[in-house]
Structures are given as C-alpha cells and as structure tokens.
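This briefing sets out selected features of one protein model for a reader who has the sequence and coordinates open alongside. The points are grouped by topic and can be checked against the structure shown here.

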Amino acid sequence: MEARVSQSLQLSSWINSDKVVRKPSGSLRFSEKWNEKLRNRIVISCHLQPRKANRRVALKVSCSSHNVQASVLESGCITASTDEIETLKNKSEEVEQYLDGRCIYLVGMMGCGKTTVGRILAETLGYSFFDCDRLIEQAVGGTTVAEIFKLRGESFFRDNETEVLHKLSAMHRLVVSTGGGAVVRPINWRHMHKGISVWLDVPLEALAKRIAAEGTKSRPLLHEESGDIYDETLKRLTTLMETRGENYANASARVSLENIAVKRGKDVCHITPTEITLEVLIQIENFLKKQESIVVL
C-alpha cells in the first residue's frame, strides 16, 4: 500500500532574547543581556516522500536561520528560581567555548526526562531542540509511536529512527532527545558520536513510579492490560535495562540522578529539571575538558 500523504513538516525550537527572570505565572523569559547566540533559531523541515508502507520514510532535512519571537520556557510548565537560572546561564557560557556548535544527544530509558531536560538545555545554550519520536510521528502523517509499533512493527520504527539520527547528525547546534531504544543499534552511535551524547541515568524504581502515574498506553514496550501497573512496569524496565545498560554506557557523559540526590540532600523524585540540566552541563564540560587535554598530550 502506497503512502497517500506528501507533506512538509516544519519544527521550530524558539529561543527568546530577553534575560531569564521569574514571572508571577512561574514561566520564564530571557534577556537582551544574555548573549547574541539567543537571537537565532534553526528550523528543520522534514519532507515525507511516498514509500511503500513496509519501508522506512524518506526524510529530507534542511536548515535555515530566523529571528525569534518567543521562548520555549514561556509555556509556564517549567519553573526555576532566579539563582538557578543565573547558575545555568553562567555554566552554559563556560561550556560553550568547548562545545564549538556540536550537537548534544540525550539518551536514557523512557520516562527519564530527556524531552523536558532537552528543552531547557537547548534554550540555555541557544540551541534548537528536537525529539526523535515526534519527528518520526510527523513524518508518517501524525501516527503515534504506539500506533506505529502496533501497525508497522518495531523494525519499521527503528529504521526511521536511524534515518532521523543520520539527518540530524549532519547539523550543528541541536539538542536531540532520542528514543529509549535508539542505543541498541551500533549505526545510531556512529551518528551520535559526531556530537556529544549524555546518558540520563534514573533509578528504575523512580522511573516506574513516574510512568505508572502517567499510564503506559503511549509506551508500546511497557503497556500491559492486567496486573499491578507499578510492578509490571518495574519488571519490564528491569528487563530492558539488562539488555540496554551496556549500550547506555557508550555515552560521552553520564548524569546520575542518584548522585545529584546525594549532593543536594534530597530524594531522587524531588530533583528538578533545572538541577538535572545543570548537571548535564557540568558533565559535558568535564568530558570536553578531558578530551581537550588528551588531544594536547
């Protein structure tokens, strides 16, 4: 059956140019003082070309630069203190001198916060943010990941995931949230190693609680019709981690929520996205400094 849609998809990550301050609503906005880098965004257009239903979607990706008018963080979903924002800003400026525009790929188990952290990280660095799952969904006409798994199978999804990573790896200044299983294919690592990969390592018990609270219908590898949702989710996550753990360890840097919890003296479940983002920047900086010292030697 031939795909009957041919469409152009435009996805934008907005970066505002005003200084980050806390507003009464809890949303954030950026300031004129915070770097010229925050004046531009990258727009990626994905063009779906007709292919047979059992084959991967042909994805053409192109970049262009535009002035921006709004901030991703102005959604009101993310709150942070002025001190946290200032700390993020300062750390991002320290890290950027080593980054040199390289893309950042966030890897980790489903539900570990890749999308939320990715959006904050992208805005902090003046990068654009993209979620691989959403790109695939839009490229196949708005079909959800769960529906793709059900109707076309995991192999079809993984083929398209690899195609998306291949296209994005040719670009610069992107933060990319990958699917939980993207780490299994060696070819995906070849694409991600063109940039910097960061593993968000969250204890499975905390993941299971989060996912059980949200429900598993949107997660095809976890959805169960019967049994205790927490117990079944934890059991499945444990099995997945046994097969993927070594793959996640291939990442350039690791951010352990257990370590953050110890440093901050709080429960893992109470760590905020901004605290995780700060640790991501710290670990990226450590990796790049180490890499630079090896090159000098």
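Arg-190 has a relative accessible area of 55% and is therefore exposed, the cut-off for that class being over 50%. Its place in this predicted model is in helix H6, which covers residues 186-192. Although Arg-190 and Leu-165 are 25 residues apart along the chain, their C-alpha atoms are separated by 9.6 Å.

**The chain as a whole**

- The protein chain contains ten helices and ten strands, and buried residues make up 51% of its 297 residues.
- Among the contacts in the protein chain with a separation of 6 or more, 74% are accounted for by residues 24 or more positions apart.

**Helix H1 and the residue after it**

- Helix H1 runs over residues 82-99, and its 18 residues should span 26 Å at 1.5 Å a residue, which agrees with the 25 Å that separates its end C-alpha atoms.
- The buried residues in H1 include the nonpolar side chains of Ile-85, Leu-88, Val-95, Tyr-98 and Leu-99, and Lys-89, Lys-91, Ser-92 and Glu-96 are buried in H1 as well.
- H1 is followed by Asp-100, a residue other than glycine whose phi is nevertheless positive, near 55°.
- Most residues other than glycine have a negative phi.
- Asp-100 lies in the loop between H1 and E6, and its relative accessible area of 67% means that Asp-100 counts as exposed.

**Helix H2 and its packing against H1**

- Helix H2 covers residues 114-125, and because its twelve residues should span 16 Å at 1.5 Å a residue, the 16 Å between its end C-alpha atoms agrees with expectation.
- Nine of the twelve residues of H2 are buried, so this helix is largely enclosed by the rest of the structure.
- Among the buried residues of H2 are Val-117, Ile-120, Leu-121, Ala-122 and Leu-125, together with Lys-114 and Glu-123.
- H2 is followed by Gly-126, and the phi of Gly-126 is positive, near 75°.
- The axes of H1 and H2 come within 9 Å and cross at roughly 75°, which makes H1 roughly perpendicular to H2.
- In this contact, Leu-88, Ser-92, Glu-96 and Leu-99 of H1 meet Ile-120, Thr-124 and Leu-125 of H2, and by class the residues involved are four nonpolar, two polar and one charged.
- Leu-88, Ser-92, Glu-96 and Leu-99, the H1 residues in this contact, also appear in the list of buried residues of H1.
- An α-helix has 3.6 residues a turn, so residues three or four places apart point the same way.

**Helix H5 and the loop towards E8**

- Helix H5 has 15 residues, 154-168, and reaches 21 Å from its first C-alpha to its last, close to the 21 Å expected at 1.5 Å a residue.
- The buried residues of H5 include Phe-156, Phe-157, Val-164, Leu-165 and Leu-168, and also Arg-158, Glu-161 and Glu-163.
- Arg-173 is found in the loop between H5 and strand E8, the latter covering 174-177.
- The phi of Arg-173 is positive, about 55°, although this residue is not a glycine, and Arg-173 is partly exposed, with a relative accessible area of 24%.

**Cysteines**

- Cys-112 is found in the loop between strand E6 (104-107) and H2, and at 2% relative accessibility Cys-112 counts as buried, because the cut-off for that class is under 20%.
- Leaving aside neighbours within four places in sequence, Cys-112 is in contact with Leu-200, Val-202, Leu-207 and Arg-210.
- Cys-112 and Ile-211 are 99 residues apart in sequence, whereas their C-alpha atoms are 9.3 Å apart in space.
- Cys-132 counts as buried at 0% relative accessibility, whereas Cys-269 is partly exposed, with a relative accessible area of 44%.
- A disulfide is a covalent bond between the sulfur atoms of two cysteines.
- With a cut-off of 2.5 Å between cysteine sulfur atoms, the count of disulfides comes to zero.

Key: Residues are numbered from 1 along each chain as its sequence is written. This is a predicted model: local features need pLDDT of at least 70, side-chain atom pairs count only at pLDDT 80 or more; totals for chains, interfaces and linings use all residues. Side-chain values use heavy atoms; hydrogens and water are left out. Helices (H or I, at least four residues) and strands (E, at least two) are DSSP runs, numbered from the N terminus. The expected span of a helix is 1.5 Å times one less than its number of residues. Buried means under 20% relative accessible area, exposed over 50%, partly exposed in between (1.4 Å probe, protein chains only). Axes are lines fitted to C-alpha atoms, for helices over the stretch in contact, and angles run from 0 to 180 degrees between N-to-C directions. Angles under 35 degrees count as roughly parallel, over 145 as roughly antiparallel, 65 to 115 as roughly perpendicular and the rest as oblique. Contact means heavy atoms within 4.5 Å.
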